[in-house]
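Reader: I have a new structure open and I'm not sure where to begin. Could you walk me through it?

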Amino acid sequence: MGVHGLTGFVEERGVFFTELRVRDTKLVIDGSSLYHRLCLAPDTDFRRGGDYGAFAAAVRDFFGVLRACGVAPFVVLDGGRGAEDRKLATLRGRAAEQLRAAHGLSRGAGGCLVPLLTREAFVQALGRLGVPFVQCFAEADREIAGLANRWGCPVLSLDSDFCVFDLAGGYCPLSHFQWQSVRAAAGPQGCYVPARCFSADRFCRHFGHLSKGLLPLFAVMHGNDYIGLEALEAFFSKVRLPRGCAAGKGGKHLRLQGLLNWLAQFAEPAEAVDNVLKYLKKHQREEIRELLCTSMEDYAPSDVNLEDFFQNGSYECEAARKADIPEWVLDAFAKGKLAPFIINALILRSTFLRVQVENMQRPSAHSTALPIRQVIYGLLLRVSHSTEDASSSKQTNELPIVCEFDRCQKTVKKTFVQAASLPPDFCDDRFPLDKLMEVPVSCRQMLLLETLGVKMSFLEPIPSHLQLPIAVTCYWIRCSEPKVKLNQLKALLLMIVSGELQRITDDPDPTVLPAEDDSVAYNEFLKWKEKKLQNNDFDLDAAHSFCQWQCCLQMGLYLNQLLGTPLSEPDLSSRLYTGTLVHRLYQELKSAPSVENLFILSPKLSQLYLVLLNTVES
């Protein structure tokens, strides 16, 4: 969520903040704000599809600083869109903005775009670091506020809605949380993170002792992600809003300030709502009253008890119960083992496919992974067939439809996709979705591999944590349009091997003696990388192809998770995909094929590269 213009207004003035030294405290962190902030660092390359290893290192550094300052972090992530799908219009608008940013980047303009697998890399990094986290059923703001108030600790976010919630421990904007400038205090107290905390009391005093209880009404009337201003235009066109304090630069924030000054004359929300309705036509009043009162409830802390989740792992949520989510699905979802994509497809039969920096003249990169998504939809939404009506024509008619929002040329369009028909084991009435984990693991693995078009015997020579990415690569080679070029494949596999080399070097297995040739190969690789840093060539067709691979990997991950991980989950945070590197390797292979011997000093890694190449080519 977010109140339109409020962040800019508050930041411009600066008088609404108090200085804060963050140490020796619990801290409730808005996970979505944090991963956006960390991945949109100033020196990030947004054109080449993301450098997840560097992003995971930033996540590790951030939580390392908190640990050093005695801060106990609890990360709360947004979940799905919610059963009512109230933010659909906002999400469509955001998808259009992201498409414009992607198009600009594809043509060499500036801009930022969160890489496709950032959220998955963030969740994996939290798991590896042992940071407690939860993924809420829907929007997390109310649950974040409820948990922070239960503990009396601050909220760390970058969402102006937290200026509106009544928070006992205050709201620290990430823009003022100087975690890279940790300071040591005199005396025994140890180091702290310098931060600033928004003071709702100072804010309300600025508007003639405005009651804090009126802030939710202000947020709803001024407009947030759930409610637009159209319904209240009649009020704003007729009421005379007091000017009060001087307006910002160029008359910015005039309506925002006027509304706050006008609301300050009322003691509580009901009185203010009655006065708003006087400006509206009689036949509109009750509908608008209901809209305002319902929308204000978005700023009441949630009754979901996240403390319970962090203490004993149980996530109880009335909205999820009403939506009839199977218990194992909700449990896996709360623990981040299933993605919001899965919940949205299950409840809403509707999904958004995030755009990347791809060739806008071609079909969306996501179209390559459509058959994988259809199997996911088939598993989530399959219709039970009794023996007497199981004629093939009837089954075809009953296959569920899912609405996908995806790129078509330079616009976001919705298309309707039919779920896949599943093999007999998965159509058995004994195994509806709530019993999916009772299907033998061998059958679940077979469905995954058949979807990707790979036999397990092909994957056996490959390390288990690379089996899913290589199965996905086989699928990508077979299904991509236009066809993948050999140098694109080689660049991708060399990148995966370089990730393995980095993993062995950074996180060695204590049970295995480190091989000297690995460290020699690593040093040579670093020298090569340093030399090639200057190469800024960008091939849009290659970028499109690597985007297709990421789309296939994303859906391969989701299908594997939904089937209870019959293959090991690959670790994105250990440099499985590094966009700047794969692009550089591709450019180099075109002019100097000898780069294929980049890891020749390590027999083990050279062998791994050949095994991967032979597996995919066969």
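Author: Let us begin with one ion pair, keeping in mind that this is a predicted model: Asp571 forms a salt bridge with Arg128, and their closest N and O atoms are 2.4 Å apart.

Reader: Okay, and how many salt bridges are there between domain 1 and domain 2?

Author: The count between domain 1 and domain 2 is one salt bridge, while 20 residue pairs, both at pLDDT 80 or more, are in polar contact across the interface.

Reader: Which helix gives the most residues to the side of domain 1 that touches domain 2?

Author: That is H4, with 11 residues. As for the area buried between domain 1 and domain 2, it is about 4,000 Å², and carbon and sulfur atoms give 62% of it. In domain 1, Arg48, Leu99 and Leu116 lose the most area to domain 2, together 20% of what that side buries.

Reader: Switching topic, which residues touch the most other members in the largest nonpolar core?

Author: This core has 199 residues, and those touching the most other members are Leu6, Phe62, Phe63, Phe177, Phe203, Tyr315 and Leu379. Helix H25 gives the most to this core, with 12 residues. Domain 1 (6-299) and domain 2 (327-382 + 398-617) both give residues to this core, so it lies between them.

Reader: And Ser545, is that one buried or exposed?

Author: Ser545, whose place is in helix H25 (residues 540-562), is buried, because its relative accessible area is 5%, and buried means under 20%. The side chain of Ser545 also makes a polar contact with the side chain of Gln488, at 3.0 Å.

Terms used. Residues are numbered from 1 along each chain as its sequence is written. This is a predicted model: local features need pLDDT of at least 70, side-chain atom pairs count only at pLDDT 80 or more; totals for chains, interfaces and linings use all residues. Side-chain values use heavy atoms; hydrogens and water are left out. Helices (H or I, at least four residues) and strands (E, at least two) are DSSP runs, numbered from the N terminus. Buried means under 20% relative accessible area, exposed over 50%, partly exposed in between (1.4 Å probe, protein chains only). A polar contact is a pair of N or O atoms within 3.5 Å; within protein, one must be able to donate a hydrogen and the other to accept it, and residues adjacent in sequence count only if both atoms are side-chain atoms. A nonpolar core is a set of buried Ala, Val, Leu, Ile, Met, Phe, Trp, Tyr and Cys residues joined through side-chain atoms within 4.5 Å. Domain bounds come from an automatic or database domain assignment. Buried area is the accessible area (1.4 Å probe) that two parts lose on being put together, summed over both. A salt bridge is a side-chain nitrogen of Lys or Arg within 4 Å of a carboxyl oxygen of Asp or Glu.
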